[in-house]
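Please find below some notes on the model, set out as numbered points for your own reading of the coordinates.

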Amino acid sequence: MSAPRVVEGEVAAGSRKVAIVAARFNDFIVSSLLKGATSAWLQRGGAAADLLVARVPGAFELPVAARKLAACGRYDAVIALGCVIRGGTPHFEYVAGECARGLQQAGLETGVPVIFGVLTVDTVEQAIERAAVSAGNKGGEAMEAALEMAALMARLGP
Ligand code: INI
């Protein structure tokens, strides 16, 4: 039996354009995710002028802004960055759940990859660990996923 044809995207910025939408809530964590995403962009050869950063109040507002950026036709991928900490209230489920659902919907409706770079954690300590400046920064991982998906979508065609 012959091997299947495998299609995948490379993690390289080239001349791509990416938009990040980042929540201000829990900014002490989100700003680290933003740094991780920005340095991954530069490391992968992206031009500063080809990266847009839009800020929104909290994770609940990420989907509407992400959808607008995805639909405008200027970006190859959109990354949503935020941090929702459980803190023992049902509020967490609404904010984190609706954020995830809305971001997925934004990607499916527009066909532009919308990357989930939102930490949904039980404790501040877990958030700090995932936003560490070293390897494993979830913002950097989100950028790598965005570039891979942008390349894959281009390769898969219209
Ligand atoms: N927004 C977050 O991004 N993270 C949270 O942990 C959070 N908590 O815990 O409430 C949060 N709430 C704000 C929410 O995202 C909206 O900005 C607000 O409800 C206005 O719509």
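**Notes on the cores, the ligand shell and one buried loop residue**

1. In this predicted model, M143 is in contact with V18, I20, A37, A40, W41, L51 and I79, once its neighbours within four places in sequence are left aside. A second, separate core of 23 residues includes A23, L62, V84 and V112.

2. The largest nonpolar core has 26 residues, and those with the most contacts inside it are V18, I20, I79, L81, L119 and M143. The elements that give two or more residues to this core are β1 (18-23), α1 (27-43), β3 (77-85), β4 (114-121) and α5, with the largest share, seven residues, coming from α1.

3. The ligand is surrounded by F25, N26, G58, A59, F60, E61, C83, V84, I85, H91 and V95, a shell that by class has seven nonpolar, three polar and one charged residues. The largest share of this shell, three residues, comes from β3.

4. As to polar contacts of the ligand, an oxygen atom lies 3.5 Å from a polar side-chain atom of N26, while an oxygen atom is 3.3 Å from a polar backbone atom of I85 and an oxygen atom is 3.3 Å from an N or O atom in the side chain of H91. The protein covers 73% of the 460 Å² of accessible area that the ligand has on its own.

5. Is N137, in the loop between α4 (124-130) and α5 (138-156), buried or exposed? N137 counts as buried because its relative accessible area is 6%, which is under the 20% cut-off. A polar atom of the N137 side chain lies 3.1 Å from the backbone oxygen of A132.

How values were computed:
Residues numbered from 1 in each chain as written. Predicted model: local features only at pLDDT ≥ 70, side-chain atom pairs only at ≥ 80, totals over all residues. Heavy atoms only, no water. Buried < 20%, exposed > 50% of the residue type's maximum accessible area, 1.4 Å probe, protein only. Polar contact = N/O pair within 3.5 Å; in protein donor to acceptor, adjacent residues only side chain to side chain. Core = buried A, V, L, I, M, F, W, Y, C linked by side-chain atoms within 4.5 Å. Helix = DSSP H or I, 4+ residues; strand = E, 2+ residues; numbered from the N terminus. Contact = heavy atoms within 4.5 Å. Near = heavy atom within 4 Å. Areas by Shrake-Rupley, 256 points an atom, 1.4 Å probe, with all protein chains shown as cover. Nonpolar A, V, L, I, M, F, W, Y, C, P; charged D, E, K, R; others polar.
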